[in-house]
Amino acid sequence: MRFRMGSSAALIVALAVLATGCGGAGSDTGATKPPSGGSATKDSGSGSGSGSGGAVVDKGGSDTVFRTEERFRQALPDPASMAGWTPRSANAEVEEAPEPAANCGPDADWYCARIARGEANFEAVGEEAQFDLTAFADRSAAQDACRKEKTWSAKYTEAQVPPVPGVDSHAYYRNTGGLDGLNLFMCTGTVVAQVLLEGEGSSLDPATAHSLAQLFASRIHKAAGAR
């Protein structure tokens, strides 16, 4: 799996292999392979959504700013941490001219003021798992983005995924383009993280989403503390 980092103008500035066990954050294990049975119950229509109310609980997290290839490499799951999953791609992108948070209105896209984002994609048993990490210049901008995302996602059906320790998290189902999707968002420090499970006929088990989210949260916290 390749890890590409570029600017918002798609200019590639670095190219490296996303190695197994990179930067001290690659030793996490415990990602659960998605079950083949349909153990989850979901509703593809509108619902209350887990983001209703738009409240964000600041559970700490580091003030570390994620803007380098190495920081993203450490935070995003790698093949060593994703036993049973096949790696597909990984990349990161830095905004050349980030939008000041003050310029983002109340109805703006929740990632308006982002300074960088990265993703890593895996596949197993017809299920796709995508990990997204969106970075902001400070905790305040990240919290504002979390509030906007929660308000936006409240129109969807809540997914009964247990809370992820150490972060503010919520999950919901989305169904578009013939694919089932379960989105789980986490807010911590200066970043907003997303775990997206997707697949035709997939069970989208909340237990799988919870396991992957715990793995992701652990790596983010370790990456934030790395020197």
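This briefing walks through the fold, the aromatic contacts and the disulfides of the chain shown above. The model is predicted, so please read every value here as computed from that model. The protein chain has 227 residues, and 52% of them count as buried. Its secondary structure comes to 3 helices and 9 strands, and the structure also holds 2 disulfides.

**Overall fold**

- Starting at the N terminus, the elements follow the order β-β-α-β-β-β-α-β-β-β-β-α.
- Sequence-distant contacts are well represented: taking contacts between residues at least 6 apart in sequence, 68% join residues at least 24 apart.
- The protein chain exposes an accessible surface of about 9,800 Å². Carbon and sulfur atoms account for 48% of that surface.

**Aromatic pairs**

- If you enjoy looking at ring packing, there are 9 aromatic pairs to find in this model.
- One of them brings together Phe-122 and Phe-131, with ring centres 6.1 Å apart. Their planes stand at 85°, and an angle over 60 degrees counts as edge-to-face, so this pair is edge-to-face.
- Phe-131 also pairs with Phe-216, where the ring centres are 5.3 Å apart. Here the planes meet at 85°, so this pair is edge-to-face too.
- Where do the two partners of that second pair sit? Phe-131 belongs to strand 5 (residues 127-135), while Phe-216 belongs to helix 3 (residues 206-225). The two are 85 residues apart in sequence, so the pair ties together separate parts of the chain.
- Are these phenylalanines buried or exposed? The cut-off for buried is under 20% relative accessible area. Phe-122 has a value of 1% and is therefore buried. Phe-131, at 0%, counts as buried, and Phe-216, also at 0%, counts as buried.
- Elsewhere, one aromatic cluster is formed by Trp-110, Tyr-111, Trp-152, Tyr-156, Tyr-172 and Phe-185.

**Disulfide between Cys-104 and Cys-112**

- The sulfur atoms of Cys-104 and Cys-112 are 2.1 Å apart, and the two residues form a disulfide.
- What is the handedness of this disulfide? The torsion about its S-S bond is about -85°, so the disulfide is left-handed.
- The two cysteines fall into separate exposure classes. Cys-104 is buried, with a relative accessible area of 13%, whereas Cys-112 is partly exposed, with a value of 24%. The cut-off at 20% lies between these values, which is why the classes differ.

**Disulfide between Cys-146 and Cys-187**

- The other disulfide joins Cys-146 to Cys-187, with an S to S distance of 2.0 Å.
- Its S-S torsion is about -125°, so this disulfide is left-handed as well.
- Which parts of the chain does it link? Cys-146 lies in helix 2 (residues 139-153) and Cys-187 in strand 8 (residues 179-188), so the link spans distant parts of the chain, 41 residues apart.
- Both ends are buried: Cys-146 has a relative accessible area of 1%, and Cys-187 comes in at 4%.

**Pairing pattern**

- A disulfide is a covalent bond between the sulfur atoms of two cysteines.
- When the bonded cysteines of the protein chain are numbered in sequence order, the pairing reads 1-2, 3-4.

Definitions and conventions. Residues numbered from 1 in each chain as written. Predicted model: local features only at pLDDT ≥ 70, side-chain atom pairs only at ≥ 80, totals over all residues. Heavy atoms only, no water. Helix = DSSP H or I, 4+ residues; strand = E, 2+ residues; numbered from the N terminus. Buried < 20%, exposed > 50% of the residue type's maximum accessible area, 1.4 Å probe, protein only. Contact = heavy atoms within 4.5 Å. Areas by Shrake-Rupley, 256 points an atom, 1.4 Å probe, with all protein chains shown as cover. Phe/Tyr/Trp six-rings, centres within 6.5 Å; stacked < 30°, edge-to-face > 60°. Disulfide = S-S within 2.5 Å.
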